[in-house]
Amino acid sequence: MLKQKNTTTIFDHVAEINSQKEYWYFRTDGGDHYTDFIQKGYIGISWNFISASDIREENLEYLRKSVITNSYKYRNVPYDWLGSGEKSSVTKTINKLFTFKNLKKGDVILIPSEEADCFSIGEIADDEIYNASEDDLPTGGYLKRRKVNWLKTSVKHHYYNSLFYLLKHSHTIVSIKKHADFIDSLMEELYIKDGDCFLSLRINKESEISLKDLKDLFDNYLELISKVNSDFNFGEKIDTTTVKLSLNSPGFINIKLPDGKSLIITSLILSMFLNGCSNDEISMKINRENIPTEYIPYMDSIQNIRKNLEVENDTIFYRLTNNTDGNSK
């Protein structure tokens, strides 16, 4: 059985998500640029007649004039001559450019595919906006760009359908930080954020979910977490464990525990148990024969309920035992 002295490196390998980062939904011009964004590791924004260096607060008058002059939507007259609706539209265009320029390294980007039936998630990988070189600028391509490290590509998830519906009439770039829990749960199965530990269970069942299954799932998780907390002398307040559900058939369940060492070890053991790891695969002897017998009934129950709910098999065991560099985000 895993001993407390073996857990230090395990905790170091749990992903840590920076709560200060922003989350953005970024359009791909009807999906036309989706593949290029993914393959070349960037996102780009239109209005090529404005360069990256032009986007400055002290340059506001020039930006207004450029937008008016180069867009068929506006009368080619001074900004002050425009109607209130036209002024508002020009301002929105300029604000998009500033938002794009001001994206921070590490901010999360979600982009829709051509058919908007799937999406990709990445993180801004540079510190500032840049202009594409001639070699990187295909016909009709975007001049102003930000580098992106794509973490998940072509993700399909039913919850996204409702998210996309809410955003389909929004602007080129729009904040989706209020959906951070959903996005975090897709990026990581087990993670730390603001000192709390989260375990994400991805539910794929499309039919009605049994209330008894949910109750039994939570009861068994709570009992097992409590036993791990006691056996490892973590001293955590297990009664502070909370849960957040988004059961849109499919959906997800997020279990949260402050600090969360007990939740991390419980998730590790369950991941091994549910994925059938053997002694030969690991240096730490965690298998059914080495697990305390009092754990087994809870683990069996969790396994059965997870099957009923069609919970995705996780990769937590392999991530925490094979990751040598940690995974901070």
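Author: The expected span of a helix is 1.5 Å times one less than its number of residues. The structure discussed here is a predicted model.

Reader: How do you know that the span of helix α8 agrees with the expected one?

Author: Helix α8 covers residues 261-275, and its 15 residues should span 21 Å at 1.5 Å a residue. The end C-alpha atoms of α8 are 21 Å apart, so the two values agree.

Reader: Why is α8 called largely enclosed by the rest of the structure?

Author: A residue is buried when its relative accessible area is under 20%. In α8, 13 of the 15 residues are buried, and the helix is therefore largely enclosed. Helix α8 lies across β9 (190-193), β10 and β12, and runs at about 35° to β10.

Reader: What makes strand β12 mostly covered?

Author: Strand β12 comprises residues 251-258, and six of its eight residues are buried.

Reader: How do you know that β12 pairs with β11, and in which sense?

Author: Two strands pair if at least two bridges are found between them. Strand β11 (residues 242-246) and β12 share five bridges, in the antiparallel sense. Within this pairing, Leu245 has Ile253 as its bridge partner, and Val243 stands opposite Ile255.

Reader: What joins β10 to β12?

Author: Strand β10 (residues 196-203) runs antiparallel to β12 and is joined to β12 by eight bridges. Here Leu199 stands opposite Ile255.

Reader: Which strands of the open sheet are called edge strands, and why?

Author: The sheet has five strands in the order β1-β9-β10-β12-β11, with mixed pairing. Strands β1 (15-16) and β11 are the edge strands: each pairs on one side only.

Terms used:
Residues numbered from 1 in each chain as written. Predicted model: local features only at pLDDT ≥ 70, side-chain atom pairs only at ≥ 80, totals over all residues. Heavy atoms only, no water. Buried < 20%, exposed > 50% of the residue type's maximum accessible area, 1.4 Å probe, protein only. Helix = DSSP H or I, 4+ residues; strand = E, 2+ residues; numbered from the N terminus. Contact = heavy atoms within 4.5 Å. Axes fitted to C-alpha atoms, helices over the stretch in contact; angles between N-to-C directions.
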